[in-house]
Amino acid sequence: MSLLVIAACLAAGSLIGFMGGVLGIGGGLIAIPALVLLMGMSQQLAQGTALIMVLPAITMAVRKYNQQTRIDKRVAAAGAAGAVVFTWVGARLALGIDSSLLRRSFAVFLFFIALFYVWQTWRAGRLAARRAAGQAPTSAQADKRPAPAFTPRRASVLGMLCGTLGGFFGVGGAVLAVPIITTLFRLPQTVAQALALSMVIPGSTIALITYGWAGQADWMVGVPLAIGSLLFVPVGVRLAYKLPERKLRACFALMLFATVALLAFES
């Protein structure tokens, strides 16, 4: 590999790491379509290569999130335990299907997640407008509908679902977990992102081993991406805590729609 390509991977990794830190997605959603579109990789190879970058990036992101707000380690550990075996199952399924079918499935999955985020952002804006007009429910009324607690048992079940998707698509476990945690359990966006990333670290390790063992991971591309990503993940995480939640959700949805467009273009 030429020095120019390595330098390009370092620069791309820096940008991906920054955006992944802001959005709490580890950057894999950006890296996978870029590897498919720009480097002509199959979907499986792109997913395995992206995992080389994603694993250290999400580990760094979790560390930085934990410095801002302490992560509930019991909940995160329960979610991670639920994800581990199911991640391997998802990865084995992905390695056994046609690359173009996997790419289209990935695009459809992201499209519906993006639609959900658009709805969630619109709903938050409507509620804010009602509050400004004095029409929103009072705090006493809101207390009548308490959010269910995000317990370790519930985190374990969510981890199983996210592990399967994370193994099948290389990424995606955290993308699914964040809207579930914010909507069903009503936790803040940054807290949800921190918990979701914490839950997928062990599963992402299993997925990387599985893809790598099958020869579906390019380390010469993945390592420079990982190094560049690690340099800018902390900057992205700091920015995430300064952005309003509605803007963070909107940015997340736009990122997903852009990813879907790239995958559709490649198809």
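Proline 188 sits in the loop between α8 and α9, where helices (H or I, at least four residues) and strands (E, at least two) are DSSP runs numbered from the N terminus. With a relative accessible area of 35%, proline 188 is partly exposed; buried means under 20% relative accessible area, exposed over 50%, and partly exposed in between, with a 1.4 Å probe and protein chains only. Its C-alpha atom and that of leucine 262 are separated by 30 Å, and the two residues are 74 residues apart along the chain. The structure is a predicted model, in which local features need pLDDT of at least 70 and side-chain atom pairs count only at pLDDT 80 or more, while totals for chains, interfaces and linings use all residues. Residues are numbered from 1 along each chain as its sequence is written, and side-chain values use heavy atoms, with hydrogens and water left out.

The same loop, between α8 (173–184) and α9 (189–213), also holds arginine 186. Its phi is near 55°, a positive value in a residue other than glycine. Arginine 186 comes just after α8 and is partly exposed, at a relative accessible area of 49%. Helix α8 itself has 12 residues, which should span 16 Å at 1.5 Å a residue, and its end C-alpha atoms are 16 Å apart, in agreement; the expected span is 1.5 Å times one less than the number of residues in the helix. Because 9 of those 12 residues are buried, α8 is largely enclosed by the rest of the structure. Among the buried residues of α8 are Gly173, Pro179, Ile181 and Thr182.

Stepping back to the whole chain, there are 11 helices and 0 strands. The radius of gyration, taken over C-alpha atoms, can be set against a globule rule of 2.2 Å times the number of residues to the power 0.38. A compact globule of 267 residues would have a value near 18 Å, and the chain agrees, with 18 Å. Along the principal axes, the C-alpha atoms fill a box of roughly 60 × 35 × 35 Å. Of the 267 residues, 49% count as buried. Contact means heavy atoms within 4.5 Å; among contacts between residues at least 6 apart in sequence, 85% join residues at least 24 apart.

Next comes the interior. A nonpolar core is a set of buried Ala, Val, Leu, Ile, Met, Phe, Trp, Tyr and Cys residues joined through side-chain atoms within 4.5 Å. The largest such core has 76 residues, and those with the most contacts inside it are Leu29, Phe106, Leu110, Phe150, Phe252 and Leu256. Helix α3 (residues 43–68) gives the most to this core, with 12 residues. Leaving aside residues up to four places away in sequence, phenylalanine 150 touches Val75, Ala155, Leu158, Ile181, Phe185, Leu187, Leu195 and Met199; Ile181 is also one of the buried residues of α8.

Helix α3 is mostly covered, with 19 of its 26 residues buried. From its first C-alpha to its last it reaches 35 Å, close to the 38 Å expected at 1.5 Å a residue. A kink of about 30° lies at isoleucine 52, shortly before proline 56; the bend at a residue is the angle between axes fitted to the seven residues ending there and the seven starting there. Serine 229, in helix α10 (residues 219–240), has 0% relative accessibility and therefore counts as buried. Its contacts, not counting residues up to four places away in sequence, are Gly13, Ser14, Gly17, Met53 and Ala57.

Aromatic rings complete the picture. Rings of Phe, Tyr and Trp (its six-membered ring) pair if their centres lie within 6.5 Å; planes under 30 degrees apart count as stacked, over 60 as edge-to-face and the rest as tilted. By this rule the count comes to 7 aromatic pairs. The rings of phenylalanine 109 and phenylalanine 169 have centres 5.1 Å apart and planes at 15°, so they are stacked. This pair links distant parts of the chain, joining helix α5 (residues 99–132) to helix α7 (residues 152–169) across 60 residues. Both of these phenylalanines, 109 and 169, are buried. Phenylalanine 111 and phenylalanine 112 form an edge-to-face pair, at 5.7 Å centre to centre and 80° between the planes. Here phenylalanine 111 is partly exposed, at 34% relative accessible area, whereas phenylalanine 112 is exposed, at 53%. Ring pairs also link Phe106, Phe109, Phe168 and Phe169 into a cluster.
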